[in-house]
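Please look at the sequence and the model side by side before reading on. The report that follows goes through the interior, a pocket and some ring pairs, one topic at a time.

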Amino acid sequence: MTRQELIQQIYEKQSFLCVGLDPDINKIPQALRDKVKEMAPDEKSYIGSTLMSFTAHIADLTAPYCVAFKPNLAFFEAYGWTGLQAYEMLIKHLHENHPNHLIIADAKRGDIGNTSDMYARSFFGGEAQADALTVAPYMGEDSVKPFLGYQGKWVVLLALTSNKGSQNFQLTEDKDGERLFEKVIRTSQQWGNEENMMYVVGATQGKMFEDIRKVAPRHFLLVPGVGAQGGSLEEVCKYGMIPGECGLLVNSSRGIIYASDGADFGEVAAEKAKELQQQMSALLK
C-alpha cells in the first residue's frame with residue numbers, strides 16, 4: 001500500500017484506527033474456547049483454531065471502522081509452530097477479505113545485516129506477506145536497510161515508545177542536547193523516506209509529538225497507547241496530525257478486542273471501534 005493509498009483510505013473511511021490483534025488464550029472469551037474445543041481433535045488444533053477464530057472474527061467485525069490491522073507476533077509465537085500457522089492463516093484471511101487494509105506485523109525485528117535479510121524475506125517475501133513491519137533501530141543502518149528493499153512495503157521504526165522504560169534510553173541527551181529518539185528519527189531519514197518509513201510514537205508521550213513533528217514533519221506515526229494505556233486521542237491529534245494528510249495510525253488493542261468476555265465479543269469490539277472511528281472523524285474535520 002502506498003502512502004497516497006493509505007491517505008485515501010483514511011479520508012474515505014474517516015478513520016485512522018489500527019486494530020491490534022493480540023490473542024491471549026487466557027483472555028479469549030470462554031464461549032468461543034468451548035465452541036472450538038468441541039470440534040478440535042487435540043490440544044494443538046484447539047490452540048490454533050482458537051487463535052485464528054478469535055482474531056479473524058474481530059477483524060471481520062471491526063473492518064468497517066479501521067484502516068489497518070496489527071497482529072502482534074509474540075502472541076502467536078508463544079504457541080510455537082501451531083501459533084505461527086494460525087498467524088499465516090490470519091494474514092491470508094486478511095488479504096482475501098480485507099485487501100484495502102494495511103497489515104502491520106508487530107514483530108520488532110532488528111539484527112545484523114544478513115539476519116535482517118532473512119527477517120525481511122520471512123515477512124515481505126513469503127506467502128503470508130505483511131505490508132509493514134515494526135523494526136528496532138538500535139543496531140543501526142545495516143540492520144534496517146534490508147527491510148527497505150521491498151517495493152510497496154513499510155518499515156515502522158521504534159522511536160519514542162509508550163512504556164515506562166522508554167525513559168531509560170530514548171530520552172537521554174547528547175552533549176548538544178539532542179535526545180536519542182530525535183537522533184534515531186533524524187538519522188534514519190537518510191535510509192528511508194515518508195513513502196516507506198513510519199515511526200512508533202506512544203500516545204502517552206503527549207506534547208512530545210510537537211517535537212517529533214519538527215524532525216519528521218511528513219512521516220506517518222504509528223501510535224499505540226490510546227485506551228488501555230491512557231493516552232489521549234485529542235492530544236495526539238493536536239500535536240501530531242498533518243493537515244490534509246492525517247499522518248497518524250492510532251492503534252488500540254486491549255480496549256477493543258477484550259471489551260467483552262461474552263459470546264458477543266465481536267459485536268462489542270465493533271462498537272468500541274466505531275466509537276473511536278466517530279471521534280476520529282470529528283478530529284479529521
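How many residues does the largest nonpolar core have, and which of them have the most contacts inside it? This is a predicted model, and in it the largest nonpolar core has 94 residues, with Phe 16, Val 19, Tyr 199, Leu 248 and Leu 249 having the most contacts inside it. The largest share of this core, eight residues, is supplied by helix α3, which covers residues 43–62. In soluble globular proteins, nonpolar side chains tend to be buried together.

Leu 248 can serve as an example of such a core residue. When its neighbours within four places in sequence are left aside, Leu 248 is in contact with a set of residues that includes Ile 10 and Phe 16, and also Phe 220, Leu 221, Val 223 and Val 236. Arg 213 and Gly 240 are likewise among the contacts of Leu 248.

Helix α3 also holds Thr 50. Is Thr 50 buried or exposed? Thr 50 has a relative accessible area of 0%, and because buried means under 20%, Thr 50 counts as buried. Apart from its neighbours within four places in sequence, Thr 50 is in contact with Ile 25, Ile 28, Leu 32, Arg 33 and Val 36.

The second largest pocket contains about 370 Å³ of space. It is lined by 16 residues, of which Pro 137, Tyr 138, Leu 158, Leu 180 and Val 184 are the closest to its centre. The table lists the elements that each supply at least two residues of this lining.

| Element | Residues |
|---|---|
| β5 | 154–160 |
| α8 | 166–169 |
| α9 | 180–188 |

Five residues of the lining come from α9, and this is the largest share. By type, the lining of the second largest pocket divides into 10 nonpolar residues, five polar residues and one charged residue.

Finally, the structure holds four aromatic pairs. In one of them, the rings of Phe 76 and Tyr 87 have their centres 5.7 Å apart and their planes at 65 degrees, so this pair is edge-to-face. Phe 76 lies in helix α4 (residues 74–77) while Tyr 87 lies in helix α5 (residues 80–97), and the pair therefore ties together parts that are 11 residues apart in sequence. Phe 76 and Tyr 87 are both buried. Elsewhere, ring pairs link Phe 54, Tyr 258 and Phe 265 into a cluster.

How values were computed. Residues are numbered from 1 along each chain as its sequence is written. This is a predicted model: local features need pLDDT of at least 70, side-chain atom pairs count only at pLDDT 80 or more; totals for chains, interfaces and linings use all residues. Side-chain values use heavy atoms; hydrogens and water are left out. A nonpolar core is a set of buried Ala, Val, Leu, Ile, Met, Phe, Trp, Tyr and Cys residues joined through side-chain atoms within 4.5 Å. Buried means under 20% relative accessible area, exposed over 50%, partly exposed in between (1.4 Å probe, protein chains only). Helices (H or I, at least four residues) and strands (E, at least two) are DSSP runs, numbered from the N terminus. Contact means heavy atoms within 4.5 Å. On a 1 Å grid over the protein atoms alone, a cavity is a set of points where a 1.4 Å probe fits but cannot get out, and a pocket is an open set with protein on both sides within 12 Å along at least five of seven lines; lining residues have an atom within 4 Å of a point. Grid points are joined across faces, edges and corners, and a volume is the space filled by probe spheres set on the points. Ala, Val, Leu, Ile, Met, Phe, Trp, Tyr, Cys and Pro count as nonpolar, Asp, Glu, Lys and Arg as charged, and the others, Gly among them, as polar. Rings of Phe, Tyr and Trp (its six-membered ring) pair if their centres lie within 6.5 Å; planes under 30 degrees apart count as stacked, over 60 as edge-to-face and the rest as tilted.
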